[in-house]
Number of protein chains: 2
Amino acid sequence: MASVGRSGPKPGVETRERLLAAAESLFMEQGFRSTSLREITARAKVNLAAVNYHFGSKDALVREVLQRRLGPLNEARVQYLDRLEAEASGPLPVERILEALLLPALRLSRNPLEHGSTVLRLLGRAFSEPGDYMKDFLPDQYRVAARRFQQALGRAMPHLPESELVWRMHFTFGAIAYVMAGDDALQLVASCQAPEADNPEAIVRRLVPFLAAGLQAPTAPPLDGSPPTLAGTLPRRAA
Amino acid sequence: MASVGRSGPKPGVETRERLLAAAESLFMEQGFRSTSLREITARAKVNLAAVNYHFGSKDALVREVLQRRLGPLNEARVQYLDRLEAEASGPLPVERILEALLLPALRLSRNPLEHGSTVLRLLGRAFSEPGDYMKDFLPDQYRVAARRFQQALGRAMPHLPESELVWRMHFTFGAIAYVMAGDDALQLVASCQAPEADNPEAIVRRLVPFLAAGLQAPTAPPLDGSPPTLAGTLPRRAA
DNA sequence: GTTAGATTCAAACAACTGTTTGAATCATGC
DNA sequence: GCATGATTCAAACAGTTGTTTGAATCTAAC
């Protein structure tokens, strides 16, 4: 006899997953701090106490929701980068490194089993939300991957000082986090809605050339305001 | 007889300004939503009810704090851009347009009368914080300036399709907001602390070449996944 | 000195937060 | 059937939030 009339395998595990799904969607819509446990349990159609029973606290729920997405994503990014470097002979071009940074996120968003593009916006929120939740948690998830990409980019642009590279990676992550945060931030400034805002692949196709050019840009003149010369617009290696 | 022993001119206006100052500093440190009225009134050394008496509500306080900074900043940006265009003969180079976007913010942060770099981080927070406070308010402050800069950038890069320009402006604002948000977001990802993170001028000097190169980057190939050719790395006008 | 209005203050308000409790319910082993 | 442990549930907990109240205080004009 199929002991349960419903579809759920175990009684406990289904509410656990329903909580994760409800929390993820609500976090994406409203942010982490602004979402209450009562909203989450209401959407998940479970009792309020279920969160503390299954996860211990709201903070632990947030961590679990993030870890479920961030961990695999950064692993995939690093693996993608490893594979590219193993196949190539010399150092990778910047565009390929950016590909390793963006394509795994794109694939994640395209997976119909997961809730698609909501995942990307969730990650964007993780960076937008300041303060307590992320302060100690996110870095551990990202530091390894960030160091790995800094190393690859350093090989691709050996002429670029490390301090300059660190800053340009910051700018890069800023642009990425901004578009991943979703409509909220995008509509804030734009006079008109950007086209294809809901198509991650289209965004990536526009983002890579932008970032590649920025990362490889000639460095600024050391001090005074003399405008960059035309010669300065050529990559250093050509000089 | 100097009717008041203290320095304050009017009794009411001083607590009003003390509230604005305390709120601004706390908003910058903790964000808007996470800062309670009791924290604000405690730091300002005024009664709790003073906020609702002088401003009506917390939301109105937030708006007032932002408007006091965002309004003049965006006015200065547009004026700077107007002056550059009036002096130049043809269309402005992208670097000058970015200069108009960034230098007024830099000057604001350098003003010792204001609380210096705290202002920049406050503005960064305004973009980082999702949800209710900004949704209806920030756009009005920014839409005019954003349209003005889009127009200038369009003139500087007439070959660039408008849809592409809108997206690249988004990327640009993302990078700017990210570095303006301050240490929180920066330390999140970096394996090591970026140098001169507290020196706005140094950041701008690094940011302009990055963004200028990104904005003027060659556009991506239209569809299929063929890796960008070497010819594709040249600007369109050279084709 | 008295009066009128603006400002401050302590106290309470209602609504919400995350968390805990203890009994009820369930599935499942014996 | 019965007992055991896991899970659910309604209810309450203690704490914080933004806001309101009504009396007390201050300022300034008459």
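Here are two short exercises, with worked solutions, on helix packing in this predicted model.

**Exercise 1.** Work out how helix H9 (residues 162-180) of chain A is oriented against helix H11 (residues 200-215) of chain A, and which residues make the contact.

*Solution.*
Step 1: Start with the axes. Those of H9(A) and H11(A) come within 10 Å and cross at roughly 165°.
Step 2: Name the orientation. Angles over 145 degrees count as roughly antiparallel, so H9(A) is roughly antiparallel to H11(A).
Step 3: Add the handedness. H9(A) passes H11(A) in a right-handed crossing.
Step 4: Find the residues. From H9(A) come Arg168(A), Met169(A), Thr172(A), Ala175(A), Ile176(A) and Val179(A), and they meet Ile203(A), Leu207(A), Leu211(A), Gly214(A) and Leu215(A) of H11(A).
Step 5: Sort them by class. This contact of H9(A) with H11(A) has 8 nonpolar, 2 polar and 1 charged residues.

**Exercise 2.** Now do the same for H9(A) and helix H11 (residues 200-215) of chain B.

*Solution.*
Step 1: Look at the axes again. H9(A) and H11(B) have axes 10 Å apart and pack at an angle of about 65°.
Step 2: Name the orientation. The range from 65 to 115 degrees counts as roughly perpendicular, and H9(A) and H11(B) are therefore roughly perpendicular to each other.
Step 3: Check the handedness. H9(A) and H11(B) have a right-handed crossing.
Step 4: List the partners. Ser163(A), Glu164(A), Trp167(A), Arg168(A), Phe171(A) and Thr172(A) of H9(A) make the contact with Ile203(B), Arg206(B), Leu207(B), Pro209(B) and Phe210(B) of H11(B).
Step 5: Sort by class. The contact of H9(A) with H11(B) has 6 nonpolar, 2 polar and 3 charged residues.

Note on methods: Residues are numbered from 1 along each chain as its sequence is written. Chains are lettered from A and ligands numbered from 1 in the order in which they are written. This is a predicted model: local features need pLDDT of at least 70, side-chain atom pairs count only at pLDDT 80 or more; totals for chains, interfaces and linings use all residues. Side-chain values use heavy atoms; hydrogens and water are left out. Axes are lines fitted to C-alpha atoms, for helices over the stretch in contact, and angles run from 0 to 180 degrees between N-to-C directions. Helices (H or I, at least four residues) and strands (E, at least two) are DSSP runs, numbered from the N terminus. Angles under 35 degrees count as roughly parallel, over 145 as roughly antiparallel, 65 to 115 as roughly perpendicular and the rest as oblique. A crossing is left-handed if the near helix is turned anticlockwise from the far one by less than a right angle, and right-handed if clockwise. Contact means heavy atoms within 4.5 Å. Ala, Val, Leu, Ile, Met, Phe, Trp, Tyr, Cys and Pro count as nonpolar, Asp, Glu, Lys and Arg as charged, and the others, Gly among them, as polar.
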